[in-house]
Amino acid sequence: MEPAEIAKRSAGNFLIFVACAFVLWIMAGAIDWVAQIVHLSTPERLTAVATSITSSSTLQALVSIWLLTAALAIAFPRILTPLSTTTTLMFDVGYGILGALTGFGLAIGLFGGGWTIFVRALIYSAVIAIGFFVFRKWLSVAELRSYGQARWIIAAIVALASPFVLLWG
């Protein structure tokens with residue numbers, strides 16, 4: 001699959017999930033408002049949900065897994081072919097999750113809950129997309145299969161970055 005096709009599909013997944021998450025948050029807010037009127041919820045409930053989303057380590061875990069998988073594929077290119085379907089699926093699902101978090105972040109920010117989720121999701125999304133295309137441009141599949149020293153250095157850097165992102169992302 002060509003990088004342009006991957007970018008188009010990933011961008012589409014991302015935008016669909018942004019829109020769905022945004023609408024979901026609006027619907028949840030409306031339902032919570034009605035529930036508050038009939039005393040089935042409190043004003044803190046939606047804030048608690050927003051806080052839970054903000055404090056979760058979903059983004060860090062997702063990026064860490066991507067990095068470690070990329071390092072594995074760089075270090076051992078023979079497994080790149082079996083991993084290509086898995087990696088593509090992980091990239092699509094991951095961008096869907098980042099899109100959903102971006103949509104939630106946008107809705108939470110617009111309704112006064114702060115912009116932390118939105119900004120973090122956008123930063124992670126941009127870094128992953130830029131990293132993917134730089135990697136694809138810098139190291140082609142043919143260069144990966146040549147078993148050069150640069151491949152091992154890049155794999156080591158990416159693999160070492162993975163736990164740091166998980167712990168301090």
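Which residues of helix 7 are buried? Let's start there, and keep in mind that what we're looking at is a predicted model. The buried ones are R151, I154, A155, V158, S162 and V165. Helix 7 itself runs over residues 149-168, so to speak a stretch of 20 residues. From its first C-alpha to its last it reaches 29 Å, and that's close to the 28 Å you'd expect at 1.5 Å a residue.

Okay, on to the aromatics. If you search the whole structure, you find 2 aromatic pairs. One of them is W25 with F104, and that pair is edge-to-face: 5.9 Å centre to centre, with 70° between the planes. What I like here is where the partners come from. W25 sits in helix 1 and F104 in helix 4, which covers residues 80-110, so this pair links distant parts of the chain, 79 residues apart. Are these two buried or exposed? W25 has 8% relative accessibility, so it counts as buried. F104 has a relative accessible area of 17%, and it's buried too.

Then there's W115 with F118. Their ring centres are 5.7 Å apart and the planes are at 70°, so this pair is edge-to-face. The burial goes like this: W115 is partly exposed, with a relative accessible area of 39%, while F118, at 19%, counts as buried because the cut-off is under 20%.

Now, remember W25, since we meet that residue again in the second largest pocket. This pocket has a volume of about 280 Å³. How many residues line it? There are 17, and the ones that lie nearest its centre are W25, L46, I108, F111 and G113. The elements that give two or more residues to the lining are helix 1 (3-37), helix 2 (44-55) and helix 5 (116-138). Helix 2 gives the largest share, 5 residues. And by class? The lining has 9 nonpolar and 8 polar residues, and no charged ones.

Last stop: the loop between helix 1 and helix 2, where you'll find H39. What is its phi near? It's near 60°, a positive value in a residue that isn't glycine. For background, most residues other than glycine have a negative phi. H39 is also exposed, with a relative accessible area of 71%.

If you want to follow along on screen, try clicking W25 and F104, the pair that joins helix 1 to helix 4, and then go over to H39 in its loop.

How values were computed
Residues are numbered from 1 along each chain as its sequence is written. This is a predicted model: local features need pLDDT of at least 70, side-chain atom pairs count only at pLDDT 80 or more; totals for chains, interfaces and linings use all residues. Side-chain values use heavy atoms; hydrogens and water are left out. On a 1 Å grid over the protein atoms alone, a cavity is a set of points where a 1.4 Å probe fits but cannot get out, and a pocket is an open set with protein on both sides within 12 Å along at least five of seven lines; lining residues have an atom within 4 Å of a point. Grid points are joined across faces, edges and corners, and a volume is the space filled by probe spheres set on the points. Helices (H or I, at least four residues) and strands (E, at least two) are DSSP runs, numbered from the N terminus. Ala, Val, Leu, Ile, Met, Phe, Trp, Tyr, Cys and Pro count as nonpolar, Asp, Glu, Lys and Arg as charged, and the others, Gly among them, as polar. The expected span of a helix is 1.5 Å times one less than its number of residues. Buried means under 20% relative accessible area, exposed over 50%, partly exposed in between (1.4 Å probe, protein chains only). Rings of Phe, Tyr and Trp (its six-membered ring) pair if their centres lie within 6.5 Å; planes under 30 degrees apart count as stacked, over 60 as edge-to-face and the rest as tilted.
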